[in-house]
Amino acid sequence: MVPQRVSLLTLGAFQLPELRRFYQLLGWEEKESSTDQYAIFTTAGVLLTLFPLEELAKDAGIELQNPKEGFRGVIFAIIVNTPEEVDVVMEKVKEAGGKVLREPSDAFWGGRTSYFADPENNIWEVAWNPSAIFDERGAMIEF
């Protein structure tokens with residue numbers, strides 16, 4: 001059986017120092033075990049890591065094919081506790097140098113949502129979902 005969990009998300013970084021700085025400017029806690037070649041950030045449910053893209057591809061045994069172009073088909077989400085928090089988070093994203101793709105707005109499904117890209121075009125949604133349930137650590141367990 002494969003355990004039903006996500007433990008770690010790794011973003012392949014084109015410029016690790018700049019991408020690391022962006023997440024630091026968001027106020028995210030970086031683990032002491034980070035190195036000059038690998039950044040580890042604590043989140044409520046998983047660890048988010050940044051690793052040089054070429055090294056990541058080499059480790060996985062795959063060839064890079066124009067990774068900077070277009071939508072990669074993956075969106076990460078930060079689900080917040082209130083509708084107002086979507087706007088607050090997006091202001092912090094702008095201050096940190098993120099690119100707003102969709103300004104905060106009320107969603108057809110009853111929540112509030114917005115999208116941004118980090119400096120290397122990794123796409124994030126910031127949303128409030130009125131039916132989201134979080135555990136004591138802040139990890140979402142239901143929506």
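Q: What makes β4 and β7 count as paired strands, and in which sense do they pair?
A: In this predicted model, β4 and β7 pair in the parallel sense over 6 bridges, and since strands pair if DSSP finds at least two bridges between them, the requirement is met. One of the bridges joins I78 to its partner V126 in β7. Strands (E, at least two residues) and helices (H or I, at least four) are DSSP runs, numbered from the N terminus.

The model is predicted, with local features needing pLDDT of at least 70 and side-chain atom pairs counting only at pLDDT 80 or more, while totals for chains, interfaces and linings use all residues. Residues are numbered from 1 along each chain as its sequence is written, and side-chain values use heavy atoms, leaving out hydrogens and water.

Q: Why is one side of β4 and of β5 left without a neighbour in the sheet?
A: The open sheet has 4 strands in the order β4-β7-β6-β5, with mixed pairing. Because β4 and β5 (99-106) stand at the edges and each has a single partner strand, one side of each has no neighbour in the sheet.

Q: Why does Y23 count as buried, and why is W28 called partly exposed?
A: Buried means under 20% relative accessible area, exposed over 50%, and partly exposed in between (1.4 Å probe, protein chains only). Y23 has 0% relative accessibility and therefore counts as buried, whereas W28, with a relative accessible area of 21%, is partly exposed.

Q: Why is the ring pair of Y23 and W28 called tilted?
A: Rings of Phe, Tyr and Trp (its six-membered ring) pair if their centres lie within 6.5 Å, and planes under 30 degrees apart count as stacked, over 60 as edge-to-face and the rest as tilted. The centres of the Y23 and W28 rings are 5.4 Å apart and their planes stand at 45°, so this pair is tilted.
The aromatic pair of F116 and W124, by contrast, is stacked, with 6.3 Å centre to centre and 5° between the planes. Both F116 and W124 are buried.

Q: Which residues touch the most other members of the largest nonpolar core?
A: A nonpolar core is a set of buried Ala, Val, Leu, Ile, Met, Phe, Trp, Tyr and Cys residues joined through side-chain atoms within 4.5 Å. The largest one holds 22 residues, of which F22, Y23, L50, F116 and V126 touch the most other members. The largest share of this core, 5 residues, comes from α3.
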